[in-house]
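Student: Could we go through this structure together, beginning with the terms you use?
Tutor: Certainly; here it is.

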Amino acid sequence: MSAWRFLLRVHLWAGVLLGVQLFLWMLSGVVMTWFDLDLVRGERGAFTPAPIELETTSYASPGGVIAQSNGATRLELRTFLGRPVYEVEDVDGEALFDARSGARISPITEEQARNVAEDDFVGDAEIMSIALLDDPPQEYRGAAPVWRADFDDRLRTRLYVSPATGEIAARRNAVWRLYDFFWMLHIMDYGERKNFNNPLVKTASAAGLVFAVSGLALVVMRNGRRKIVRDVRRLAPGQKRKAASDD
């Protein structure tokens, strides 16, 4: 097989591989631009209350709370469902403690998780079901176990509540799921959907480089160096003006 035919085959196959992915990149890019990110993230339907001012009162000793933890590295005083709490991070994760009594709160109960979800959700829809999941669906992508509250709104909203901190860990809805599908096509990560450096992306990038290099080589081989130089000179601005004056 001649070098010309070999390069032509390489160019064609690289173009086929690249063309399919270019179509998916363009399709997913166009679809994703249609959606408002606040809607995708569920932030349109999330209530953002003003920070609650902490009371001037006697709190439990932080030292006593730290003593209940396994190598605490962070302690924060904040509010949880209107009451002051200590959020502590240690080697085992995060946990909540009552800031007045020092008693441990985590893991939060179903009723507390329900109250957190209802306080976060904006709208008239109600919670259809709430459950503590040890093996949450792929859409969650966070630490388990986690409380999931399903609302009966038109977007099929799901709120994931951390049993450790009582905070919203993720907001999901029908728009997010559609967006996530096209995001998967765009970054070519069909598993975790967050790796930009996966082998498929590297393969598509390599195919693009091979396509460009082989195409350039085919042009050079077909036309020859002298013809290319002559054509470039003919298109140069000075040559264009000379040709125009001659006319």
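Tutor: Buried means under 20% relative accessible area, exposed means over 50%, and partly exposed lies in between (1.4 Å probe, protein chains only). This is a predicted model, in which local features need pLDDT of at least 70, side-chain atom pairs count only at pLDDT 80 or more, and totals for chains, interfaces and linings use all residues. Residues are numbered from 1 along each chain as its sequence is written, and side-chain values use heavy atoms, with hydrogens and water left out.

Student: Is Trp13 buried or exposed?
Tutor: Trp13 is exposed, its relative accessible area being 59%. Trp13 is placed in helix α1; helices are DSSP runs of H or I with at least four residues, strands are runs of E with at least two, and both are numbered from the N terminus.

Student: Which residues make a nonpolar surface patch with Trp13?
Tutor: Val16 and Val20 join Trp13 in a patch of about 340 Å². Patches consist of residues with over 30% relative accessible area and no salt bridge, with like charges joined within 9 Å and nonpolar side chains (Val, Leu, Ile, Met, Phe, Trp, Tyr) within 5 Å. The areas come from the Shrake-Rupley method with a 1.4 Å probe, and for residues only the protein chains shown count as cover. Val16 is also in helix α1, which covers residues 3–33, and Val16 is partly exposed at 45% relative accessibility.

Student: How far from Trp13 is Ala207 in space?
Tutor: The two C-alpha atoms are 8.7 Å apart, although 194 residues separate Trp13 and Ala207 in sequence.

Student: Changing topic, how many salt bridges are there?
Tutor: The structure has 12, a salt bridge being a side-chain nitrogen of Lys or Arg within 4 Å of a carboxyl oxygen of Asp or Glu.

Student: Which residues are linked in a network of them?
Tutor: The network links Arg74, Glu76, Arg78, Glu87, Glu89 and Glu94. Within it, Arg74 pairs with Glu76 at 3.0 Å, N to O, and Glu76 is partly exposed at 35% relative accessibility. Arg74 also forms a salt bridge with Glu89, the closest N and O atoms being 3.0 Å apart.

Student: What does that second pair tie together?
Tutor: Arg74 is in strand β1 (residues 74–80) and Glu89 in strand β2 (residues 83–90), so the pair ties together parts that are 15 residues apart in sequence.

Student: And what does Asp150 pair with?
Tutor: Asp150 meets Arg158 in a salt bridge of 3.2 Å, N to O. Asp150 is buried at 10% relative accessible area, whereas Arg158 is partly exposed at 24%.
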